[in-house]
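Hi everyone, thanks for coming. I'd like to walk you through a structure today, so please have a look at it while I talk.

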Amino acid sequence: MRMESSEEEDDFPSIESVTPQSIIDSVYQSKTEKGIRKICFELLDLKDAVENLCGNTRTKYSAFLRLCEEVVEVEHELNDLQKHISGQRILVQDLMNGVCRELEEWTQASDSIDEVEESPQINELESNGADYRTIFLEKIDVLLAEHKMDEVIELIDIEEKSHPELKASGDSLSTEPSTFRSALLKRKAMLESQLVEITEQPSIGVGEIKKALSALLKLGKGPLAHQLLLKSYGSRLQKSIEGFLPLCPCYPETYSATLSNLVFSSISLTTKESAAMFGDNPVYSNRIVQWAEWEIESFVRLVKEHAPPSDTASALHAASVCVQASLNHCSALESQGLNLSKLLLVLLRPYIEEVLELNFRRARKAILDFSGNDESIPLSPRFASPLSTFATSSDSLLVESGMRFIFITKDIVEQLTYLFIQHFGGNILIRISQLFDNYVDALIKALPGSTDDDNPIELKEAVPFRAETDSQQLALLGTAFTIAEELLPMVVSRIWNVLNETKEVGSGPESMLPSANNILEFKDWRRHLQHSLDKLRDYFCRQYVLSFIYSRDGKTRLDAHIYLHVKEEDLFWDSDPLPSLPFQALFGKLQQLATVAGDVLLGREKIQKVLLARLTETVVMWLSDEQEFWVVLEDGSTPLRPLGLQQLILDMHFTVEIARFAGYPSRHVHQIASAIIARAIRAFSARGVDPQSALPEDEWFVETAKGAISKLLQGASGSDISSDIDEEHIILHDEVITDSDASPSSLSSVETTESFASAEMGDLESPMFSDTES
C-alpha cells in the first residue's frame, strides 16, 4: 500500500504553492473598486462639461435671437429712412423745378423790360396773362399730385375752350403761348399716365376702370382707351380661366361648357361696354371682332388641351356639350352684331373629327371583339328581344355580337347634343353605316368558304364562331337584317329627327344652320346599309350554290357533260319529262332551305322570299358565266344532240317556274335563262342541230316545267307515286345516288305551295333586301 501511495505522490505534484481564494478576492476586489471609482469621477467630470456646454448654447442662442430681432428692426429703420430720403429727393426736385421756372420767368421778364417801357399797356396785359398761366399750371400740378383727375380734366377743357389756339399747331403761335401750350401738354401726358396706371392695377374695380377710360376719352385718347378696355377685360377673363382650369379633371364632360360660358360672357360684356362708351364706330367694332376671334382661338386651344382622351365616350360628350354651349352663345351674340359661329366651327372641326374618328375606331374594335366576355350587355328589351329570337338557332356569340353592336352605337348617339347633331349628324350617320359594313365583313368571315384574303386588316383574327348549318347561316343573315332593318333606324332616329327639323325650318340664326357637307338624305343612308346587306347576302348565296354544285359527282353534278350524252329514254318524253338531276336536286335543296327559313326567320317573310330568289338567280348567273361549261358546248370536238338542247332548255324553264311558283320576282331569272337558252341554241346550231325541227313549242316547255314541279311536290309529300319517281328519276342504270339532297325522298314534307315561301309579293317593296332587278 505504501508503495502505491508513494507512486501516486510522484505522479501528482504538491499543491502547497497554490494561492488561496481569499487572497485572490481581496487583491482583485480592491483593484476593481478603484477602477469603478475612477470611472465615476470621470463621468461626473463629463456631466459637468456637458451641463456647461448646454448652458453656453442656451446663452448663445438667446443672444442670436436678440441679434435677429435687432437686425429686423434695423431693416425697418432702413426702409423708413429710404422712404424719407425718397420723399426728400422728390421735394428737392420740386424745389429745383420751381426755382428753374422762377429763374426762367425772371429772365423773360428782364429781357422784356425795354418792350414794357415802350408799350406799358401791352406789357401790363402780358404780365397779367403770364401770372394767370403760372397760377393755372400750379393749380393743375396740385390737382395732379392729389390725383383729382376729374377736376384736372375739367380745368383743361375750360382752358382749351377759352383759348382755341392751344389746340392749334405750333407754327401759328407766338413764343409765350407756345411755351404754355407745351407745359399744358406735358401735364396732360402726366394725367394720361396716371389714368393708364389706374386701369392696369389688378385690384381695380369695374367702376374705376370705366371712370378712367371716360377720362381718357375726354382727353381725346379714344384708341388708347379702347385698347385698355380690351386689355382689362382680357386680363379678367384670363384670371377667371386660370382659376377654373385646375378643376377641369373633376368635370371631364362639362368643363367645356363652363369654359364656353366664361369666354363668351366676357365677349358679350366687353361688346356692350364698348358700344356704351365708344358708340358704333366701325374702327372700334372691328377691334372688338378681332379681339373676340383671338379669345375664341384661345378657348378652342384650351378645350383641346384639357379634354379627356379622344377615344373615350367622355371626350365625345365633352365635345358635343362644347358645340352646344358655344353655338348657343354665338346665337346670342348675333344680336350684338358679332357672327362668330363659322369661325368657331372651323376651329373646332379638326378636334371634332379626331374625337369622332377615335371613338368609332374604339367602337369598331369593341364590336369586332368576339372573345365573348361574361359581362351582360345592358340593352333594353325593345332592342334585345328581336335579336334574342336567333339565340336558339345560332351560336350565342352571334347574338351577343349583334347586341353589342346596337349597344355601342346607341351609346355613341346618346352622347350627342342637338346642335352637335345639326352640324355633324350627317358625318356620324356615314360613320355608323361604315361601322355596320365592318360588322358585316366579320359576319362574312363566319360563313363557310371565307378566307383571310377576303377580309380587311381588322378581321385577320379568327372569328370564334362559325355558321356551318343552314339554320346557323340563316340566323346570321337574320341578325344582320334585323339590325339594319329594325334596330339601327330606331337607334339613329334621334339624329334623323334633328336633321329633318333643321331641313324644315330652313332659316334662322346662322349658328343653327348646318353646313352643306352635313346634309345627307335618308334614302342614301339606307342605300349604304343595303349595299352591306347585299354583300352579305350575295356571299351567302354564292358559297351556298357553289357548295351545292361542286359537292356532287356523276349525273347529279351540274356541268355540260349531262347535256352531251342525253338519251331519249332519259327524258321520258312519252311520259312527263323531268328536268335533269342537278336541277331536281336544286329544287329539293331550295324547298328544304325554305322550310328551315320558315322556322329560323319566323315573321320575316320578306328576307325569306328575297333570299330564295337570289339563290335561284345565283344558279343561273353561275351557269351563264361558267366558261368551262360553255367551252364544252362550243368547242366543236364533241358531237351535240338535239335532246341535249331540249334538256337544257327544259332545265332553264324549270328554274324560271321555280321562281314563279315560290312567288318571288322572276324577271331577272327569266332574263338570264333566256340569255342562256339563246347562247345554247347558237352553240347547237353551229354544230349542225336545227332548233326549228328539234325543239317543241315554248308552251310545251312551260307546261312541262310546271308539271315537273307538281310531280316532284307529290313525290315529296309521300304519295303513292313517290316510289315510281324514285325508281325512274333518281336510280338510273342501277346507279344509286347516295346524296340525300339529290333524292326526292329527302325533300321536306310540303302540303301546299305556300309552304315553299309563304311571303306575299308586297313584302318585297321594301328597300331592304329588295331585288334590284325587279
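Let me start with a small puzzle: is Glu414 buried, partly exposed or exposed? Glu414 turns out to be partly exposed, with a relative accessible area of 47%. Before I go on, please keep in mind that this is a predicted model.

Glu414 has a partner, and that partner is Lys410. The two form a salt bridge, with their closest N and O atoms 2.5 Å apart. Both residues belong to helix α14, which covers residues 396–414, and because they are 4 residues apart there, about one helical turn separates them. Lys410 is partly exposed as well, at a relative accessible area of 25%.

As a reminder, side chains of opposite charge can pair when their charged atoms come close. How many salt bridges does a search of the whole structure find? The search gives 18, and I have picked two further ones to show you.

The next one joins Glu485 and Lys606, whose side chains meet at 3.1 Å, N to O. Here the partners sit in separate helices: Glu485 is in α16 (residues 470–491) and Lys606 is in α21, so the salt bridge ties together parts that are 121 residues apart in sequence. What about their surroundings? Glu485 has a relative accessibility of 19%, so this residue counts as buried, the cut-off being under 20%. Lys606 is buried too, with a relative accessible area of 15%.

Staying in α21, let's turn to Glu617 and Arg614. Their salt bridge has its closest N and O atoms 2.9 Å apart. Within helix α21 these two are 3 residues apart, so they are separated by about one helical turn. Glu617 counts as buried, at 0% relative accessibility, and Arg614 is buried with a relative accessible area of 16%. This pair is also part of something wider: salt bridges with shared partners connect Asp534, Arg537, Asp538, Arg614 and Glu617 into one network.

Now for the empty space. Rolling a probe the size of a water molecule over the atoms shows where such space is left. In the whole structure, the search turns up 3 cavities of 30 Å³ or more, and the largest of them holds about 40 Å³. Which residues line the largest cavity? The lining consists of Tyr544, Val545, Phe548, Leu586, Lys589, Leu590, Leu615 and Val619. By class, that is 7 nonpolar residues, no polar ones and 1 charged. Three helices each supply at least two residues of this lining: α18 (522–550), α20 (581–600) and α21 (605–625).

Since α20 has come up, let me point out one of its residues, Pro582. Pro582 is buried, with a relative accessible area of 2%. If you look for Asp651, you'll find that the C-alpha atoms of Pro582 and Asp651 are 9.3 Å apart in space, although the two residues are 69 apart in sequence.

To finish, let's move to the surface. Ile39, Leu43, Leu46 and Val50 make a nonpolar surface patch of about 380 Å². Leu46, one of these four, has its place in helix α2, which runs over residues 21–111.

That's my tour, and I'm happy to take your comments.

Conventions:
Residues numbered from 1 in each chain as written. Predicted model: local features only at pLDDT ≥ 70, side-chain atom pairs only at ≥ 80, totals over all residues. Heavy atoms only, no water. 1 Å grid on protein atoms, 1.4 Å probe; cavity = no way out; pocket = protein on both sides within 12 Å on 5 of 7 lines; lining within 4 Å. Points joined across faces, edges and corners; volume = space filled by probe spheres on them. Nonpolar A, V, L, I, M, F, W, Y, C, P; charged D, E, K, R; others polar. Patch = residues over 30% accessible without salt bridge, like charges linked within 9 Å, V, L, I, M, F, W, Y side chains within 5 Å. Areas by Shrake-Rupley, 256 points an atom, 1.4 Å probe, with all protein chains shown as cover. Salt bridge = Lys/Arg side-chain N within 4 Å of Asp/Glu carboxyl O. Buried < 20%, exposed > 50% of the residue type's maximum accessible area, 1.4 Å probe, protein only.
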